[in-house]
Amino acid sequence: VVQLCGISPHPPAMQWLFIHQNFPGQFRDLVPQILQRGDQVCAIGSRQLSGGYEGMAYARYTLQQEREPGRLTDPDLEQNLLRAGRVAAAARQLKQQGLKPDVIVFHSGWGEGLYLRELWPGVPLIAYPELYASPELMGHGFDPDLPPASEGVRQALKRQNFMALAAIADSDAAITPTLFQRNTFPEHLRGRFQVIHEGVDLERLGPNPRRHIRLNPDLMLGPDDPVLTLVNRSLEPLRGYRQLMRALPALQQRHPRLHTLIVGSDQGSSYSRPSSHPRGYRGELEALLGDQLDASRIHHLGTMPHQELIALYQLSKVHIYLSYPYALGWSLLEAMACGAAVVGSGNAPVSEVIQHGHNGLLVPFHNTAALADAISDLLEDRSQAARLGAAARRHIEQHYNLTSSVEHYRTLAHSLALS
């Protein structure tokens with residue numbers, strides 16, 4: 001089933017086709033900026049698209065979740081192949097409507113670009129493979145709480161890389177947002193990559209020293225309140241949720257007015273293996289720490305709309321970003337863009353963005369005492385926090401601003417289209 005929007009009969013400066021099963025995904029801010037520059041964009045995805053993309057054509061495909069019996073022994077791989085076929089069918093209908101893209105950009109993680117070359121043989125393909133999966137990226141050998149990766153896990157990760165390898169082999173170029181993520185791929189493939197981050201919208205994200213947030217009818221937090229923040233899609237070990245919770249008893253004792261605001265779903269986990277606790281990692285940590293925590297000053301906010309997240313970053317006195325060596329999340333760069341003082345884990349890719357003592361502080365991922373000390377130092381030394389926050393904002397302006405990212409994407413696309 002494909003939901004189609006019309007194709008403009010007027011030739012654009014450049015016609016883009018973006019493909020992402022969760023569109024817009026990483027291209028959330030990039031696509032509107034490309035449209036503003038006079039190019040035309042069509043997109044293919046599997047979700048219902050909401051507003052904010054005026055002037056863009058969109059094709060939506062649906063994916064049956066049930067397996068077809070007797071096909072393959074790996075349900076994820078089978079679903080990726082099914083998805084590739086659905087995308088090809090949507091693209092074929094767009095072609096019949098008159099779509100002639102000058103360049104195609106696709107996230108390769110779910111197999112969506114597998115059959116595109118046959119549909120538009122001369123059109124440049126740009127793959128977006130985020131990572132080359134390995135046990136180390138999932139924390140095995142990095143997080144002492146994890147056992148060694150089993151043979152089954154290692155084999156599953158190998159299969160997970162099939163789609164990225166196929167996409168790179170078939171594409172004219174590939175993009176990763178960080179140097180670390182590029183370097184997870186085998187060395188002989190790295191020359192195919194461009195390191196281009198999608199960029200941060202600095203017109204929407206910036207400091208607001210007068211920010212207030214009302215958490216409930218009895219609690220309003222403002223510029224004079226010590227506020228600690230953590231923002232992730234899910235509350236999971238890979239993004240340091242356990243480390244923060246373990247640091248909170250000491251922090252709450254040192255700072256009686258401290259409020260900790262935690263954003264993320266406590267249902268399931270994004271990248272980590274699920275917790276054995278019935279209430280997930282949140283329930284696990286609350287049961288472990290018990291009355292060591294003052295629950296009235298810890299606010300689990302679930303997931304939030306992006307505009308409310310921006311307000312949270314602006315209110316934050318210290319923002320925490322801890323991660324396994326994995327893909328770089330947006331919350332780090334967005335908090336820095338809002339001038340928050342950041343404490344991050346001293347490993348890639350975080351250390352690719354934060355220079356310790358210059359635009360943030362770095363601590364070992366596993367050292368809970370060092371984490372508590374670094375947070376406490378910034379809460380007590382507001383001049384240092386302000387200096388680091390201002391330097392963080394400048395760093396995003398210089399290296400991750402959306403305007404430059406769009407131009408890098410457009411330059412690459414034009415060079416491939418003209419070659």
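Among contacts in the protein that link residues at least 6 apart in sequence, 69% join residues at least 24 apart. The model is a predicted one, and the chain it describes contains 14 helices and 16 strands. For 419 residues, a compact globule would be expected to have a radius of gyration near 22 Å, and the value of 22 Å computed for the protein agrees with this expectation. The C-alpha trace extends over about 65 × 50 × 45 Å along its principal axes. Of the 419 residues, 55% count as buried, while the protein exposes about 18200 Å², of which carbon and sulfur atoms supply 50%.

An open sheet of six strands is arranged in the order β13-β12-β11-β14-β15-β16, and its pairing is parallel. The edges of this sheet are occupied by β13 (298-300) and β16 (361-363), each of which has a single partner strand, so that one side of each is left without a neighbour in the sheet. On average, and with direction ignored, neighbouring strands of this sheet are turned by 20° against each other.

Within the sheet, strand β11 (residues 227-234) and strand β14 (residues 318-321) are paired in the parallel sense over three bridges, and Leu 230 stands opposite Ile 320 in β14. Helix α10, formed by residues 330-337, lies across β11, β14 and β15 (341-345), and runs at about 160° to β14.

How values were computed. Residues numbered from 1 in each chain as written. Predicted model: local features only at pLDDT ≥ 70, side-chain atom pairs only at ≥ 80, totals over all residues. Heavy atoms only, no water. Pairing = 2+ DSSP bridges. Helix = DSSP H or I, 4+ residues; strand = E, 2+ residues; numbered from the N terminus. Axes fitted to C-alpha atoms, helices over the stretch in contact; angles between N-to-C directions. Contact = heavy atoms within 4.5 Å. Rg over C-alpha atoms; globule rule 2.2 N^0.38 Å. Buried < 20%, exposed > 50% of the residue type's maximum accessible area, 1.4 Å probe, protein only. Areas by Shrake-Rupley, 256 points an atom, 1.4 Å probe, with all protein chains shown as cover.
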